[in-house]
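Thanks for making time this morning. I would like to walk you through one structure, and I will begin with a sheet before turning to a pair of helices and the core.

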Amino acid sequence: MIIDADTHISPTLEWGTSITAEQLIAKMDKIGVDKCLTWIHNPYIRSKLDHSVAYIYESMKKYPDRILGFGWVDPQLGMDHALALTDKCLNAYHLYGIKLNGAVNKFPIDSKEIAYPILEKIAKAGKIAAFHSGCDDVANTHPYKIGKIARDFPEMPVLMIHMGGEAYADASSCAIEMAQEYKNITLIGSQVPKMSVLKAIRVLGAHRVAFGSDTPFALMGAELGGYKAMMEEEGMSGKDQDLVLGGSIAALFDL
Ligand SMILES: [Zn+2]
C-alpha cells in the first residue's frame, strides 16, 4: 500500500497551485498512490478557514478509502475560534488529527498560550498532531520545538512534516535528533533533500520515516519516483521500502 503523507486540497482556487479532491484522486489513480494524508491548502482569505476545513471533512466522507483527513486551526483568528474548530474537527468531523502550521499562520508552535490548549485537546482525544517544520520560519517551526511538544505529550503521535527541510537551509539533522530522543515522532520526508531522508532512515529505522510529496506544491509522481530510485540505489530491503512508502503510516493509523 502506498500512502502519500503530505497533500493539500482546496474547495476554491488558491495561490495558483491548489487542487480539488477530484484532482487529487485523479493524480493518485494515475500514479498508483492508494491513500493520502490530506490537509487544507491555506486559503488566501484567512477567515475562509472553516470552509476549507469543512471541505476536508466532505472529501474524506466522499473518498473514505483514499483520503485520511486532518483539521487545521489558526490561533491567530482568536483562541475561541481555534478551540471551537479543534473540537469540531476531532468530535464532529472525526478527522485523524490537526495540523498546525506556524509558518503560514505566524505563531510559535510550542506556545504555551496559543498552541498548547489546542494540543491538549488533540492528545485527550487520542488523535494525531501534525506540524509544518522548516527554515522558512525557523523561529516558529524549528524541529526543536516539535521535540519539546513530543516530550510534553508523550502519548500523542507527532508528524513532523518536511522533517525540518522546508526552505533552503535544511534543519533535518535537528529533526532526526529530536526523533531519536522522542519515539512518538514520525518524520514525513517532503520538501527535504533525499540525502536527508536517507540519513533519517538509517538513523531511526524505516518505520519512523514516511514518504510525502507535498502535492500540489510538488509533483506526486516525481517525488514517489525519487523515493523509489533512492531506496533501490541504496539497496534497501523490500520490507523497509514498504514501510517508508506507506507501512509506517498504516501502522500508526491502524489501517
Ligand atoms: Zn504540505
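Before I describe the sheet, one definition: two strands are said to pair if DSSP finds at least two bridges between them. What you have in front of you is a predicted model, and in it three strands form an open sheet, in the order S1-S2-S3, with parallel pairing. Strand S1, residues 3-9, and strand S3, residues 67-69, each have a single partner strand and stand at the edges, so one side of each is left without a neighbour in the sheet. On average, and ignoring direction, neighbouring strands of this sheet are turned by 35° against each other.

Strand S2, residues 35-40, is joined to S3 by three bridges, and in S3 the bridge partner of Thr-38 is Gly-69. Lying across S1, S2 and S3 is helix H2, residues 49-62, which runs at about 140° to S3.

Let me move on to the helix pair. The axes of helix H6, residues 143-152, and helix H7, residues 172-181, come within 8 Å and cross at roughly 10°. Angles under 35 degrees count as roughly parallel, and H6 and H7 are therefore roughly parallel to each other. On the H6 side the contact is made by Pro-143, Tyr-144, Ile-146, Gly-147 and Ala-150, and on the H7 side by Cys-174, Ala-175, Met-178 and Glu-181; by class, that gives seven nonpolar, one polar and one charged residues.

Finally, the largest nonpolar core has 72 residues, and those with the most contacts inside it are Met-160 and Val-244. Leaving aside neighbours within four places in sequence, Met-160 is in contact with residues including Pro-143, Ile-146 and Ala-175.

Conventions:
Residues are numbered from 1 along each chain as its sequence is written. This is a predicted model: local features need pLDDT of at least 70, side-chain atom pairs count only at pLDDT 80 or more; totals for chains, interfaces and linings use all residues. Axes are lines fitted to C-alpha atoms, for helices over the stretch in contact, and angles run from 0 to 180 degrees between N-to-C directions. Helices (H or I, at least four residues) and strands (E, at least two) are DSSP runs, numbered from the N terminus. Angles under 35 degrees count as roughly parallel, over 145 as roughly antiparallel, 65 to 115 as roughly perpendicular and the rest as oblique. Two residues are in contact if their C-beta atoms, placed from the backbone, lie within 7 Å. Ala, Val, Leu, Ile, Met, Phe, Trp, Tyr, Cys and Pro count as nonpolar, Asp, Glu, Lys and Arg as charged, and the others, Gly among them, as polar. A nonpolar core is a set of buried Ala, Val, Leu, Ile, Met, Phe, Trp, Tyr and Cys residues joined through C-beta atoms within 7 Å. A residue is buried if 20 or more other C-beta atoms lie within 10 Å of its own, exposed if 12 or fewer, and partly exposed in between; C-beta atoms are placed from the backbone.
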